[in-house]
Structures are given as C-alpha cells and as structure tokens.
Amino acid sequence: MSTQIHKQYWKALEERNGAVPEDLHPHHPHEEKEIPVGRRDFLKLAGFTVGGTLLAGCQRAPVEKAIPFLIQPEEIHPGRSFYYASTCGACSAACGILIKNRDGRPIKLEGNPEHPLSRGGLCAVGQAAVLELYDSLRLKKPKISGKDVSWVEVDEAIKLRLDQLRRTGGRLRLLTGTLHGRTAAVVIEKFLGTFPNAQHIVYDPLSSSAISQAYEQTHGQRLVPRFHLDRALTIASFDADFLGTWISPLEFTGSWRAARRPDAEHPLVPYHAQFESRMSVTGSKADDRFPAAPAEIRYLLRELTSLLAAKANVPIPDRLKQQGVPASLSHVSLNKVADRLWETRGHSLIVAGLQDVESQLLCNFANHLLGSYGTTIDLEHPSRQKQGNDRALAGLVSELREGAVDALLIAGVNPAYELPLEPELLRGVPLLVSFSPYWDETSQLAHFVCPDHHFLESWGDTEPVHGIVSLMQPALEPLFETRSLLESLSAWAGELKSAYEIIQENWRLNLFPLSGAKTFESFWDQTLHDGYAKLQRPSVGAENFRTAALEAVRSEPLVPGHALALVLYPKVAITDGRHAHNPWLQELPDPISKVTWDNYACLSPQLARDLKVEEGETVLIRKGNRSLELPVNIQPGQHRGVVSVALGYGGMMTERFAHIGPKWLEALPSIGRNGRVGQNVSEWLGLTADGLSYELDEIKIEKTGRKHPIASTQTHHYLTVPKHLAPRGGERRPIIQETTLAALTEGAHEETAHHEKHPELWSEDHIYPEHHWGLVIDLDACTGCSACVIACQSENNIPVVGKDEVRRQREMHWLRIDRYYYEEGARVDVAYQPMMCQQCGHAPCETVCPVLATVHSSEGLNQQVYNRCVGTRYCANNCPYKVRRFNWFDYAHEDRLQNLSLNPDVAVRSRGIMEKCTFCVQRIQEAKIEDRRQNRPLLDGEIQPACQQSCPAQAIVFGDMKDPKSRISQLIKTRRHYRVLEETNVRPSVGYLSIVRNRGEHHEETEGKSHA
Amino acid sequence: MLEAREISVPLIGGHKSLAQVTSDVCSAMDRRPTLWWWLAFSIALLALGVGIAATSYQVATGIGTWGLNRTVGWAFDITNFVFWIGIGHAGTLISAILFLLRQRWRTSVNRSAEAMTIFAVICAGIFPLIHMGRPWLAFWMFPYPNYRGPLWVNFRSPLVWDFFAISTYFTISLVFWYIGLIPDCATIRDRSRGWRRKVFGILSLGWDGSYRTWLRYETVYLLLAGLATPLVISVHTIVSWDFATSIIPGWHATIFPPYFVAGAIFSGMAMVLTLMILVRKTMNLQDYITHRHVDVMCKMVLFTSGIVSLSYFTEFFTALYSNNPYEQFTFINRAFGPLGWSYWIMTSCNVLVPQFLWFKAVRRNLVVVFLISILVNVGMWFERFVIIVTSLHRDFLPSSWSTYSPTTIEIATLVGSFGLFFTLFLLFCRILPVIAIGEVKGVLEE
Amino acid sequence: MSRIFIGTFEHEHDIVGVTRESRLRGLRIADVYVPYAVHGLDEAMGLKPSKLPWVCFALGLFGATFKVWFEFWTTASDWPINVGGKPWNSLPAFVPVTFEVMVLFAGVSTVIAFLAGQRMRPGKVAVMPSNRVTDDHFVLVLEQQDASFDEVKVRELFEKYNVIAVEERGGKEER
Amino acid sequence: MSSRITTVFLIIAVLFSFLVIISKLALFRLPGDNRGYEPEQPIAFSHRLHAGELEMSCQYCHSEATSSRHAGIPAASTCMNCHSVITASLGAVRAEEEAAAKEKRAVRPVVSQELSKLYQALGLDEQMKRAGTPRTVNWIKIHDVPDFVYFDHRAHVNAEVKCQSCHGPVETMERVRQIENLSMGWCINCHRDPQAQGIKGRNPSLDCATCHY
C-alpha cells in the first residue's frame, strides 16, 4: 500500500484536529444543537439526497429534487467517499477495518491494510456487517415486557430494581460474550462493584475454553496463546479450523499466507497436516489430510506426542507411550508428520481445536517438545479473542437450576438460542435484562431489553491481542434509539456519561502511559487515524511448561467402533448464528459444500451409500429422546463414522426470510417447515464442567424417505467428469493446475506449453493505448473463505435472491468460488478457484450481442452496458466460464432502510438484463479521474477491486498488464501462471497461479517406510 | 376411403371440370362450419388463450417464470423458435422450390403449405421477442438513426442476422402467398355477393383475368419463387449460425447449416402431411389431395430423414474423432447424460420411425402416415431441445454444470403457440381457398 | 372508339387455337381473358417477355450494395467499437444481412413494380367481359379496327373453336 | 364558381393547418429530451444577477465541481456568507433609507421576499434570530441524466470544459433553463472531437464504461 493512498484515506478526517466528536455526534444528548433535525430529517439530509418524485400532472419529466444541506458539514462532500479506520465488531476477533463513508453513511467495510492482525483482509461476516446496520429488524427503542418505551422509563425501572438488589444483596450475574476492550472491563468492574454479590461470566458460543484451561494447568496462566503461523514451517492441526472459523481465522489466514513463498528464488511452502473428522476449510488446504473420527483424533494426538517425546528423549508416563496405529487408521502416516515436525523443530506448530482439556494438555506438551514456545506460539502477548470460561458458565447454569440468580444481564450473546438450556431456566430469573439489538430468543424472555448500538454507530475499544488496542468509532449517528452497553452500565452505576467520554477517560488513565506517545491527544489522534495502537504492555507472565500437568491426562485405549459420532461445527458465513438473519451470509455458498440457506447432515459418500440416501433426502438423527431431521449433503473427505451438522441455524431471526426472493407462481419459500432457515442444533451441544462440547458419540441415523431440497450453487463437484461419460484422456479437465514444491524447487514445472502463442486469424486492430487491466489469482493462497464474494456483493449492489432461486441455479454473485474435488486413491484433494468475468480479449459474449450492450473498452475491459441490454441471454450462453448473471426478476429494493447500504457508484440493475463482474470499473474510473485531477500518475496497486481489497490471503492481484513493472506483470511471468480455457483462444485477462502441494518425494519415501 | 389407387392416376381425381374445381374449393367457404371445425377451433382458441395468459404473466413478471438458469439461458423459447421456423420451411419449399422444379403435384398443397409457413413464422417470431428480458426494447435490434451517438447494432451478431432473416422471410413469404391468392380472390369475388364480394374485391386488387396481366403475374411468381428458394436456405442457415458461430461444444459445428436445412424440410414436410391429411378429410378435398400427394410427401420425409440421420451420425463421429475432450464429452453426455432421454426420443422419432415409409403399404395407410408425421414433429422438436439444452447444461467448467426442467409457464407458452398456429390455420380454412384454384385448373388436363 | 368483338370458349386448347389463328389472320386482339395461366397463350398472342426480371435484378443489386456499405459504415467507420476483438471491417459477418436485404429489396420491389405496371390497387373495379372468366370461361376480345373487319369470317373462326357465345359491344369500356 | 371558392378555401385551410403543425413539430421532442425545461424553483434565485451582473464565479457556490462527481448545490449556509448582511436589493434598501430620512425615523430592516424564504428555511426571522424550525430547500433538478449515467463534474471541470458548454448561458438566465438535450449522442459528439468544442488536452474516452457502470 503506497503512502499516497494512505494519505488519501484519511485526509478529510477532522478527528486529527480534535474536532470530530462534535461533528460526528451532532446529536449527542448533552450537546447544544445548531439545527435540531429529527432522525428522519437526518436520513433525508444525509448527503446529496436526490429523491425522485413523480408529480401528477403534465410535467415533461419526472421531477427530481436536489436537496442540499442547510449547513454544510465539513466532512461530507456529496459524491465523494471517505474512509474511517475502526474495528470490526462482528465477532470477537476484532479485525481492523476501514469504513467507507459516502454522503454521511457507511456503505462498505474494508480491511485496514495496516492492521497488524488482519493485514488488510476482511472476512465475509465482517463485510456483511454493514447490511446489519440498516437492518429494519433492529430494535428501534428499548422495551419493557415487550413494549416500546423510552430510555428514561427503562432507566428508572431498572435502577429501581438494581437498587433493591444492592440493598438485599441478591445475586446479580452479567453474562456476556468476549469483551476484550479494556474500557468495558473497567466499566463492568465499576458497575458490578456497586453490588454485594455480582459476577461477570463470559462464554463464547464457539468455545476455546479448553485451551485456556489447559494453559492454566501447563503454564499457570489462563490464556489462549497467539499463534504465529507465519513463523511455522510445519503445522499439524488436530481439528483446528484455523483458516475457517477458529479463534481468529482472518489473522491466521494472513499469517499462513505470509509463510508461503512459492515464487521466491528458494521456494518455501510450509508443510501442513490436518487431522479432522469433517472437511474443513483448513483441511482443504492441507498438504496431507487425515480423516479420523473424533476419538481417533485424540488418539492420534497422543500417539504423535509420544513419537515426539521419543525423538526428544523426554521421558513420559508409560500410559502415554505409543500403542501403535490400529488398522482403521492405516491411512494416517503419523511417522511422516512426526518426522517433519521434528525436522523443523523451533519452527513447528501443533494446534488443536478439540474442546477437550486433556488433548490440549498433550498439544501443549508436544509444542513444548518441539520448542514452539517463543517462536510459533506467543504466550507473552496472548490472544484475548476467546475469553470464555465454560466452567464459570456451567457454574451459572447450576445456579440457574437452583433458582439462585436474582438478576441476569445478558449482553452480546443469545443463550436462549445458542446454549443447551431449558427456556424455563432463564424465565425463572426475577430480573432478566437483555442488551440485544434484536428481538431474539433471549430478549423475548427478558423483562427489559436495552438495545445496544451497531458497532458502526458506536464508540468502543478492543484489545484482541495483549498489547494491541484499537478503537471503534461511529461512522454515523445512531439510526434508532439504541444505547451503548457502556453507557447503559455506567448510567445504572450512577454515572451518566457518553461512551466517548468513558473510553477517552480510560485511555487517558490506563492506556496512554503504555503508549510511549508524548501527549494523550497525539496518541488518541494517531490511534483513531491508524485504527489501532501498539502498547508496551508487560508480558502476562506465563510460566514454563509444567510436566506435572500431564498427570491429569488419562490414557484411554482406542475402541475401534462402528458407532456414529455427531460433530457440530460452525460454517464460515453463519458461524455461531449471530448473523444468521443477514441475507448476504445466508446466501453465501459454504466454501466446502457450496450449499446456501440451510444446514444439513454431512455424510461421507460411503455412509450415504450404506443408508441409501441421496442429496436432498432427509435423515433422522437420534440419540435418547432427542431427534433431528435434516437433509443430507454428501461430503467427500468426511470420515465415514461422522455426521456433521452446522451450528447457527434455525434461529427465530431467520423467520424474516419467509418472504425473501421473487414472488411468482412456482416460487418456494426460503424457510423450512419449521418456519426458519435450517434447524437449531444447540440442544445437541454438551455443557459440562469441562466446557461446551461439540461432539456426541453413538448417535443413530436413519433414512426418512422425505425430501428437503437443498440449494447448492454447484451440482457437479469433481474436476473429473462422471466416469460413464468420460472421453478417454478427458476425464480430468485442466482447469485447476497443481504443482509440487519439489517441482518448483528443481525448476522443472509441469506446465511447459502454456505460454504458447496462438495463431492469429484476424488483423490486430485493437491495441490498448494506455492500460490493459488484468487480474491474477493465486490458487495456492486462496482458502475459499468467500470474503471476496461478499465484498463484491457489497460493492456492486448484488441482490439476494432467496433459497428457491439459488436452488434453480440463479444466484447473482458476480464472483463465485468454484470448489473442485479430485480423488487420488483415498485422498481427496480440494481446489478453490475464484471465478469471475475473465474480461476476454476475444470475448465470445461480445460478438453475439445484437445491440452492442457488451463491448470491449480501450483498456481491455469487457463492458456490460445495463441500460442497453435487451436480455437475449445469448452472451451468457456463449460464455465458456458461465460468469454472466441475468436478472430473472425485479429483485426487491423496497426496504428503503436497507437501500442505504447500496453503493451509489454502481447502478442497480432492473429486470431482464445481464450483469457481471466489471473489475470494479467504478473504482478504476474514480482513481483515474482523481489522479488526473491531482495531476499525479496512476500507481500500481492504487486500484484495488473489492475482491482484492478484502482478500485476507492476498490471493488476488489487480493491475495493468501493459506496465512491465507492475506486480501483475511480474506474476504473469512466473512459472505457476496459467489461464483457464486458454485453448479456446478467448484470451482471458484473468490468470491463475497453480496450487503448490508440499509433498516432496523425500517425504513420500519416509511415508513408504512408515507403511512398511 | 382408403382403397388402393395406382400412383399413375391423374393428379386431381374425379374428372373435375373447371367450374367444379371452383365450386369444390369454394364450397368449403360457403357451407356453415362443421361441428368438427367448431370443436377444433374452440380447442385451438383455448390453447391460444392459455398461451396468451402465460406470456402476459411472463412478460409482466420476468423471464424467471421460465425454468432457465445461469447455465441454461435458452431452452423452450429457442427450441420453439427453431421448431416453428423449421415447420415454415416446408411451405416455402413446396411453393417455391417445387415450382422451380416443375413438380406439378404441388398445386394441390402449395396454398395451405404457404399459409402454414406464414403462421409458423408468426409463431416462431413470437419466441425471440418474448424470450428477451426487456421485449419492449426489441426495436433496438433495428439499425435506426438515434440520439445515442448514433449507436447502431452489432452486425457481427447472429441474432441481428436472424432478425433480418426472419423479417425478410416473413415479408417475402407473405407477399408470395398473397400474390398467389390474387386470382383466386378474384374468382371468389366474381361468384359472391354482398360483403364478401366487397372484401374479396379489395383483396383481388382489381384482377380481371387478362392474359397480359397473367403473363407478368407468372413472371413475378417465378421471380419470387427464385428468390424464396435461396432465402429459405439462408434463413435456416442463419438460424443454425445462432449456434454454430458460438464456442459452446455441441453448438460450434460447421455441419449445422445443411443439417438444419434438411431438418427443417423434414419437420415441415411432416407438418404438411399432418395438416393435409386433416384438411382433405375435414374439407372433403379427397379428389384434390390424393394418395399420390401423400405418397410423394412421404418419400420426401423418408429422404430428409436420411439426411438428418446422416447428420446425427456425422456430428457424433466428428466429435469423437476430434480429440477435443470438451466436444467429446458433450456428445457422450448428450446421449448418456442426465438429459439422455431427450436424445433417444429424438433419434427414435427422426431416424427409426420414418424407416417404415419404405413400405408402400405404410405410405398408403393414411392413419399410419398421420401418426408417423406427428412422431416426426415430436422428434424434430426434441432435436432442437437436445441441441440447445444438452449442449448448454454441461459445458466447459464442471462447477457451472446445471440441469433444466420447464415450468408450467413454458409448457403453457408452447401450447399457446400451437393454439395460435391452429387458430390461424382453421380460420384460413374457412375464409380463404385452401387450394390454389387457378393453379389446380392449370394441371387438370394432365 | 372502335367496337369490340367477344368470343367465349370453354377449353384451353380452343382459346389457344383461336387466338393464334386470329393473330395470324391479322385480327387485332384486344385481350384474352382466362381463369388460369394458360401455357402457350403468350406465344399465340405474340407477347414479349416481361421486363420485371430487370427490376428485380437492379433493385436487388441496389439493396445488397446499400446494405454492405451501411454495415461497413456503421461498424468500421461511423463509430468503430471493439466487439470481441474482431477486426473493424468484419466483412464475412456482413454477408448474411446483406443477402437478406438483397432478397427483400428484390422481392418487394418486383411486386410493387408489377402492381404499379398493371395499375392494380385495392378498390380497383375489375372490368371483364364476363364474370366467369375467373371461373371456367376463356374469352377472346377482338378489336374491330376498321371496315375491313369481316364479322362473318370471325364468327366462322370462332365456331371452328367451339365458341359458346359471341357478343359485339361498343368499345368505350375497353381499356 | 362556388367549387373554386371552396378549393381556394380548402387550400388556405390546409396551408394554415400545415403551418400550425410545423410550429408544433418544432416543439416536438423525443421522450427524454428535456430542452427548455424551466421549472419554478422554491426560491427564485437569479443566476443572471449572481453569475452575470455580480460576476460571481460558478464555483463559489458549486464548489464541489472541481473535486467531486456532483457540482453540488450550495447549502443555505453558503448563501448566508453574503445574505446574512445583504437582505434586499440595493434599490429597496436605498428607498427605505430615503423614506426613513424623509420620515425622520430609524431605518427599518428591509428583507426581500425571496430572501425571506431562505431565512425561513434556516429557521431565522428578519433579525436573524432563531425562530421556528429549519426546513430544507427542495430545489428542482433541471440538468438531470438517467441514473445509469455516471457523469463526473470533476473530470470535465478539470479538463477546462466550460460550465456553459453543458448548462448554457446560465449567467443570462433569470430562471435556469435546460439548453442542451443531454442525450448520449450529444455527449459522444463532444468526446469524439473535443478540440472542435474548444477544449484542450487529452482526448476523452469513448468507452461505454466511461459513463455506464
């Protein structure tokens, strides 16, 4: 990222002059207002609103109004976008974001390239959060017993009840998700301090509590360490989906990517082995992936530990000694993994996602043996992203069972939905206060609902990693009468302060001294400007590894059984379900299954064959008196003894999707028979003193004979064509190309013919005088995380079409990620291929358009002119990549509030016309015009399409192919570069870099030995 | 009725006099419509109503009411279009090509075959219009001066070629048909009174039977026939280029023009047979449309079936021989993939069924011929379906493979097109002479 | 303002015969009215072939030339737009439309020329010797140009060819 | 005789109606062509006075034109830069002064009718004191291109395209009227040959994506 752009991002920010608070918050309750405008007026005034009103009568044209501000705010310039650095609040990872503000409203979230954790990426969930800001489902006022009231009334009533508690000494419990902001901690401490018996309980719906519990035992500190994947040369992961959903996937993706340097002079690609029961995003990128049942994974971890101990000559208790790999795990080359881990010790890393303290203890031991502490694992400045304490949660539940809780305040979590609790437990609490911004399962039970702000309209602070703090700043005035949790709690503690004041005060007192800055103002302004700050915090003081902790590990022999296990897992888009009401995320195809709008039972092909079920048929999962009917999704690579089901579905907030999508004669609703999207599986979670458990043994499964069609964007999943239809030699299509690290190192690339020049039939009439835009996508780096898909949706106003339309293969995403399986023996390889308009030089779509609605630009772009399109669909038929999207219906834009998230730089397409990826031509135009205005040259990397901007793995590079010095030109020259369907001579402008697998022959030899 | 007659019998049976010919042909128009006619007409009208309702709904709601998707962008719409255009071609063939080849047997069937052409082209023309996402902007296909720069049309696009081909074909067919009708209109004018005399008086443009006019008339007719012959070949060639100029495996084939033209004649002949067998029965025209006509047309069907079968084989062979895995896959998938059933319907109806026509007994059995003609039409509809849908649904990238199934709206639209065709044809049978009186008189004495 | 002499016949060979013989005898044939295009009558009447093919050719040529120029002008000259990387002058792609327009021009203009030449238009009242010439009668109309016209001989001639009716009219209505 | 009179009369009638039709034909516009559109604005702001007589720069009020896609319609606060002092025309103020001098009284503030609308919008009374709630001024857009056209003022102003090239002689207009038809062809013709329009510099693009995306 060049410094010039850096300057541009923030140049209009007035916070550097200290003027922001007033300007950004002109309607702060304490402020004297210049012009009192109501909320509606604000919306009306927001920017250069051009409202079209059709006047009755004989006017020539529909009369359009242009309504200027009465008083021009300094920071709003109609038609120009400004970026504010802030922090994402969509999950507890707290990535750095830039809020793109246009005409006074946020329209897009982008990654902050300078943020030390997220490195410029922003995941799908984070990107989609902007839509939730304009969610009409958000509570517009606080509620008492379900009725809308004012804040004054709520405050009075709650204060009365709290005072009572203070007097009686009743038990007050504050139940929250991870709140890593130091200010929140201070406020909560202060608030709870006013009660004689109060406690703050934290849990994470996607818990990592076992990790912190294990570290408490092995290193004397309850913490989740910070993993440095960028320092690892060998990674073994035991069911940790670190590229998908585990702890801080965006950060991990960034650092995982940073370690991969296949194009360097000395190519370097870390070796990664994954032991997992289902197919996860992380597993799909592994060099060796070993499917195993949950119990087997634990067993393998123990075996690996003892192998490593033997190599390190560290004595271990006899019961932890190797027991040998049983036949059911003969495909697992554990020796190879151990060898490679040992070879690179000091740069090796073992991660375990198992919610099982014993396994985590072993994992810590193995890392200790490998010398990972201090290199790939940082205990001094650990992660603060998962602070849940499941033991405390279990304690609260037993308190609730006893009826011992007098007041329960719930913020940031939805226990009634996501925990295996009986609803009576919460209903029985005499005072239940929810801070949920939605009318969800928990707030329905609550006596008081005090809706919190959306993070884009709220001040806040975070500290995702010990020593790295960041600020959340409001990008617009709150749309509704909501209030920050900090404000509510301090109000009830007797201090009526704004969140801004609270945070600034705390920072002045507690953080500024650690910053090394001269003045607090400069520290504050710099942090606001950068979005984050690094503090010189002392280490948390973890001790050295205590071998004694291993005493707690029991040794269980592996029982080879045929029992089925149920594994509950989070999906990349829906995760724990807190954003399940977001239509973008529901319609985002799961990176692995490519299914939208549902959860389903993933079965291995073998199990599906045994059960005689096919995709779309339902199965009944039973254990005891619990049963669950789910449609089947057949998942290659899944362990045959495992049924996996996604969490986060079936929430009441998904009832809103009953009416999404076009309405017509044969339209089917997006919801299931239960009126919701998918099934809630939270009652299948285990909650014991050990923590939340996502696995369940010995379940029964049976075919029901009923059907529940699932909406998948892909119907054929393999790179090979069906066997009975395959022409000889054409079984596998050369769409995805792969190479190995060994081949790269030796310089002998498998691909030699791909730079061959095609003979030219036509005269070269078309030169590109100035630029020739192109894109290169590194398939090796792409993890399929789909952040780019949502980035594209947000940038380009792509409509949501609903389940039925997706089922009919009419999703509208301009950018899709093709996922292919390729089976080699028992191994299932996965490849992701982001596929968008290839902007072909000899575009087949252009030739066939009768009305010149799609033609080529002088910069090599394949232009689609919406207003000229008559909708013959010939172009889409003739597109070999099938990347064109047709507006089958008029997609809904009636939600005026939601329309505020539309990008004004991109036309909203009407019914009957074709659309497709434009390489974000609006950004190209903006950059060209702005550079010309400022009389400066267009720099390489200055233009980033939305997909590239959001990609946490930096797999996408956009640039000018005419400029020999540009990054894209360099990448095109690499050996890994190829173009898809190059043989058709359509001359795509998008190139791909082949996947690199680290499966060196040397190691295959050792694998052979281990088999022998 | 079905007694055997030798093929060497005269073209027109029953030793008709000139006046008899006039009265035989015109009597159908003089009589009140039969119950059968009313029944057929009401069914056709009902089907038309269904089609109008479905089309209005589709135009008002969106193309999404069809079963298309991001991969299969055309299905029923263009299948129907090509099917109807193909049907139309037989009419032109009979009236123009057989005229040039001096096949005198054409006189009995050319009028209704030409009518069939026009109605089929109308049915065909509707589909490209309604298949557009924004049919109200269809006029953008025409290169007219405009305020946009001016922005013209893309003359490189086969759809523009199609637009010109179809509109020219319709215009020329209509003119040809009308020119042929002028003397007959005069005949009707001169034997009627009242409003019909007035109407046909206008239609006949003051035709007086003068031989000087006849002479020029014959020249015009010959010229039009000469123009229509390459035209009809060009039209279906251009229709085939809609596919052949693309890069989709299964479409991108140089064999398409002759293959399509032969297929068009094949399906058109079958449709003519279907209609003629119905017309001769219902309109009492057994003496004009004789077994000899049926026999000749059966042979045409058999011959074109041979060409079509050869095309199927060649196409498959070329693909397998090509060493192009995409092309090979498309054809294997066509026959054995998920939509393989449509391929087998196509081959059995178009290759196997017509083989029965080798037998004279079959050719003489009108019921069997009628059934065969209908099966051929079904087969030819499926041929277009196979070409369009099975090529599209699985092409280069397996990730985008898809399938297709029609919605009720699409089926209703297809039904509606048949409704429109038969409504127009039945009206034609009632209000215009179904047999070219003047031309039949010319061959009476043979 | 001469008188006309009308003979009505019932058969094709009769009318051809009587026409030929009348012409050979130097009689002035005003016109022959027939219900269908009788072959050989043009030769019998001594008519020259029509010039309509020339109209057809010229207009067809014009249509083709105009169209190919128009396509070149719009695509490569007036506003050249890069369509699928094809050359500006994509002549092969212009052929189909050129052909269609040629046929359209040729066909429609020939018909218009024919109708104009015969003064045929909607609403024109046909003037015929008998209504049955469009049904089953063949009528020969002779012009009685001067006194040398021998009515008796003509009647004889007509009789020879099985005339069914002979009529003499004051010829003002003749065109 | 009478028939001749009738004929002459008819000819005159036909000629007359022909003339009427011709004059109407000149007014005929294709849909979308809004030349001559001159709606009444909420405040009768005179460009003739401000831009013509007072020779104020266009960008004094439309300040975004150099830096943003939209030229921007000035906020009421921009008007108040001058009109917090100038409340009426010089003539009206002089007249009041003379009248005051004549009547030997203090000069009363004079507020023109149109400016009072501005003050009302800002919620001010004639003494510039807070009075009543502010209301927005809903100007009616005249030069309007369809939503699928992305016209960028900044690109044009920086290329030294005169405002008048598209907006006509605004400085002479009491009420703004649309002069050009703003059709695509009109845009394209200038893009094809900007030198002919007196615009120097690089040749603008003819790509569709210049305006449509």
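Author: Two helix axes that meet at an angle over 145 degrees count as roughly antiparallel. With that cut-off in hand, we may examine this predicted model.

Reader: Why are α5(B) and α6(B) called roughly antiparallel?

Author: The axes of α5(B), residues 158–191, and α6(B), residues 194–203, cross at roughly 155 degrees. That angle lies over 145 degrees, and therefore α5(B) and α6(B) are roughly antiparallel to each other. Their axes come within 8 Å, and the crossing of α5(B) and α6(B) is left-handed.

Reader: Which residues make the contact of α5(B) with α6(B)?

Author: From α5(B) come B:C185, B:I188 and B:R189. From α6(B) come B:R197, B:F200, B:G201 and B:L203. Sorted by class, the contact of α5(B) with α6(B) has four nonpolar, one polar and two charged residues.

Reader: What makes α10(A) oblique to α11(A)?

Author: Helix α10 of chain A, residues 294–312, and helix α11 of chain A, residues 334–343, pack at an angle of about 50 degrees. The cut-offs are under 35 degrees for roughly parallel, 65 to 115 for roughly perpendicular and over 145 for roughly antiparallel. An angle of about 50 degrees fits none of these ranges, so α10(A) is oblique to α11(A). The axes of α10(A) and α11(A) are 10 Å apart, and α10(A) passes α11(A) in a right-handed crossing.

Reader: Which residues bring α10(A) and α11(A) into contact, and how do they divide by class?

Author: On the side of α10(A) they are A:L300, A:E303, A:L304, A:L307, A:L308 and A:K311. On the side of α11(A) they are A:L334, A:N335, A:V337, A:A338, A:L341 and A:W342. The contact of α10(A) with α11(A) divides into nine nonpolar, one polar and two charged residues.

Reader: Why is A:W246 counted as buried?

Author: A residue is buried if 20 or more other C-beta atoms lie within 10 Å of its own. A:W246 has 22 such neighbours, and therefore A:W246 counts as buried. A:W246 lies in a loop of chain A, between β11 (234–238) and α8 (249–258). Leaving aside residues up to four places away in sequence, A:W246 touches A:A240, A:D241 and A:G353. A:D155 is 91 residues from A:W246 in sequence, and their C-alpha atoms are 38 Å apart.

Reader: Why is A:Q970 called partly exposed?

Author: The class between buried, with 20 or more neighbours, and exposed, with 12 or fewer, is partly exposed. A:Q970 has 16 C-beta neighbours inside 10 Å, so A:Q970 counts as partly exposed. A:Q970 is found in helix α30 of chain A, residues 967–972. Although A:Q970 and A:V269 stand 701 residues apart along the chain, their C-alpha atoms are separated by 20 Å.

Reader: What makes up chain B, and how do you know that it is as compact as a globular protein of that length?

Author: Chain B has 15 helices and zero strands. Its radius of gyration is 23 Å, and the globule rule gives 22 Å for 446 residues; the values are close, so chain B is as compact as a globular protein of that length. Its C-alpha atoms fill a box of roughly 70 × 60 × 40 Å along the principal axes. Of the 446 residues of chain B, 60% count as buried.

Reader: How do you know that chain A is as compact as a globular protein of its length?

Author: Chain A contains 31 helices and 43 strands. For 1012 residues the globule rule gives 31 Å, and the radius of gyration of chain A, 28 Å, is close to that value; so chain A is as compact as a globular protein of that length. The C-alpha trace of chain A spans about 90 × 90 × 65 Å along its principal axes. In chain A, 60% of the 1012 residues count as buried.

Reader: How many residues of chain B are in contact with chain C, and what gives the largest share?

Author: On this interface 52 residues of chain B are in contact with 55 residues of chain C. Four elements of chain B, namely α1 (18–30), α5, α7 (211–244) and α15 (437–443), give two or more residues to this side. The largest share, 15 residues, comes from α7(B). By class, this side of chain B has 27 nonpolar, 15 polar and ten charged residues.

Technical notes: Residues are numbered from 1 along each chain as its sequence is written. Chains are lettered from A and ligands numbered from 1 in the order in which they are written. This is a predicted model: local features need pLDDT of at least 70, side-chain atom pairs count only at pLDDT 80 or more; totals for chains, interfaces and linings use all residues. The radius of gyration is taken over C-alpha atoms; the globule rule is 2.2 Å times the number of residues to the power 0.38. Axes are lines fitted to C-alpha atoms, for helices over the stretch in contact, and angles run from 0 to 180 degrees between N-to-C directions. A crossing is left-handed if the near helix is turned anticlockwise from the far one by less than a right angle, and right-handed if clockwise. Two residues are in contact if their C-beta atoms, placed from the backbone, lie within 7 Å. Ala, Val, Leu, Ile, Met, Phe, Trp, Tyr, Cys and Pro count as nonpolar, Asp, Glu, Lys and Arg as charged, and the others, Gly among them, as polar.
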